[in-house]
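Here's a quick briefing to keep open beside the viewer. Have a look at the model first, then work through the topics below.

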Amino acid sequence: MTEAKTDVAPSGTDKPGFDRRLLPPMLLGSVLNPVNSTIISVALVPIGRALGAPSSQTAWLVSALYLATSLGQPVVGRLIDIFGPRRLFLLSTGLVGVAGAVGTLAPDLGVLIVARVLLGFGTCAGYPSAMALLRSEAKRTGRDSPGGVLTALAVTNQTIAVVGPLLGGLLISVGGWRATFALNVPLAALAVLLGLLRLPRSAGTGESPRHGRPVAQLDLPGMGLFAAMLTSLLLFLMNLHLRNWYLLVIVAAAGTAFAVRELRAATPFIDLRVLGGNTPLLATYGRALVAYVVSYAFLYGFSQWTEEGYGLTPFHAGLVQIPMFLLAIGASIISGRRRSVRGKLLTGAVGQIVACLVMLTLTGTSPLWMLLLVALIFGLPQGLNSLALQNSVYYQADSERTASSAGLLRTFAYVGSMIASSATASSFGQRADTGGMHQLAWVMLGAGVLYLLLTVFDRTLGRAAKTASGAAE
């Protein structure tokens, strides 16, 4: 397939516009991960009941996906930077279909966990591919102002992230929890078809081979050390206990070796020299980590509590989150074309803190409207935070490493989700009761306050906004 030629030029200019035919595969590929991240939130209790597994064990269904995705996103992103998005997109989305079939037929929890690992690796290419296509289209058109497309990407992901629990509850009520895995088969088939028909065969985001063939840029030793470091860290976070101290030793050893390797490599997997000098991007990664501790602790912990601690069905637990869905989409659309990053981040931080404080007042006898109020308040940060973080990375990252930088953003987000998963499992134990929900809310509140402080004291955000503003002119 050759480069797409059908463009939409902005009014008042002779420059070509973004090729809208790329939007369907971009959007569908990018939502495969959030749909699987969120739909499981209302399926954990039914799966536990069906397979006789407590909450502490079903939490691995969450952790397994994020372990695989945290590792896979920057690796696949780097491959996309070098080889282009098409091949990686097709391979990964095809794996999503395989994983969906394995999960649908799984006889026990162990096989389900394997299916979630496959889903994690399979959904790695969607978001980095979308960001790489945005960058390549900006170079082709000479217009580095994808505000509307970035907003569409964020809104689509937010829609799926919030609709996921409702969709999961509907699927479970119709076909049981296995239907939440079966959904991946038609989604993957459609994504592969759209990728074949519409994705260009072009190279990556602009980095030319400096040492012969592109494969020479892969830095396999660096990837291996990164995998050892991240895997050990996430395994420790999944089961916080002093007896697992040796994992932290592995993290330190692998991290040191990784840093030495990357500083010496001719074509490093992660260019630590460039990354270390990019303070705004590092600050964005830090904010992503703590923001997603709050977001995913609410998504999984609150959903489990509404079922076990409050007594709702999976479908009604999904319905409770409709206010969050509506406000998140509205907030993303309204704020999408506004250039202020700091304002979005500050509003999102305050929204998280207020929602956590309200969660601390909930009990098993609270009126239903209070649950709806919590979901409504969470809709504001849900709609603003990911949009602001995504836009920050687009403008702060090295243009030749757009996909891998976007992958790293997701990695930091998933480390946050792993902390949230560990906190959820630790807070609830065998059952998601009200006392455990309150304990989890305190953890979320601490992360929300840290997110606010990281935003208030970050003076680089003004520069990011100016960069975005200049690019849009």
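How far apart should the ends of helix α5 (residues 109–122) be at 1.5 Å a residue, and what does the model give? Its 14 residues should span 20 Å, and the end C-alpha atoms are 20 Å apart, so the two agree. The expected span here is 1.5 Å times one less than the number of residues.

Some ground rules before the details. This is a predicted model, where local features need pLDDT of at least 70 and side-chain atom pairs count only at pLDDT 80 or more, while totals for chains, interfaces and linings use all residues. Residues are numbered from 1 along each chain as its sequence is written, and side-chain values use heavy atoms, with hydrogens and water left out.

**Overall picture**
- The protein chain has 20 helices and zero strands; these are DSSP runs numbered from the N terminus, H or I with at least four residues for helices and E with at least two for strands.
- Of the 473 residues in the protein chain, 59% are buried (under 20% relative accessible area, against over 50% for exposed and in between for partly exposed, with a 1.4 Å probe and protein chains only).
- Among contacts with a separation of 6 or more, 84% join residues 24 or more positions apart; contact means heavy atoms within 4.5 Å.
- The accessible surface of the protein chain is about 17700 Å², and carbon and sulfur atoms own 68% of that (Shrake-Rupley method, 1.4 Å probe; for residues, only the protein chains shown count as cover).

**Helix α5 and what it packs on**
- The buried residues of α5 are L109, L112, A115, R116, L119, G120 and G122.
- They cover an arc of only 165 degrees around the axis, which puts them on the same side of α5; the arc is taken over the directions from the helix axis to the C-beta atoms.
- For background, an α-helix has 3.6 residues a turn, so residues three or four places apart point the same way.
- Those buried α5 residues pack against α1 (23–39), α2 (44–51), α3, α4, α8 (179–182) and α9 (184–198).

**Helices α3 and α4**
- T58 sits in helix α3 (residues 55–83) and is buried, with a relative accessible area of 2%.
- Neighbours within four places in sequence aside, T58 touches L44, G48 and A53.
- Helix α4 (residues 85–105) has 21 residues and reaches 31 Å from first C-alpha to last, close to the 30 Å expected.
- The buried residues of α4 include R86, F89, S92 and T93.
- P85, also in α4, is buried at a relative accessible area of 4%.
- P85 and L199 are 114 residues apart in sequence, yet their C-alpha atoms are 7.8 Å apart in space.

**Helix α17, inside and out**
- L371 lies in helix α17 and counts as buried at 0% relative accessibility.
- Leaving out neighbours within four places in sequence, L371 is in contact with F302, W305, T306, Y310, L312, V320 and L362.
- Its C-alpha is 9.4 Å from that of F302, and the two residues are 69 apart in sequence.
- L376 is in α17 too, but L376 counts as partly exposed because its relative accessibility is 38%.
- L327, L368, W369, L372, L373 and L376 form a nonpolar surface patch with about 500 Å² of accessible area together.
- Patch members need over 30% relative accessible area and no salt bridge; like charges are joined within 9 Å and nonpolar side chains (Val, Leu, Ile, Met, Phe, Trp, Tyr) within 5 Å.
- A salt bridge is a side-chain nitrogen of Lys or Arg within 4 Å of a carboxyl oxygen of Asp or Glu.
- Helix α17 (residues 368–396) provides the largest share of the patch, five residues.
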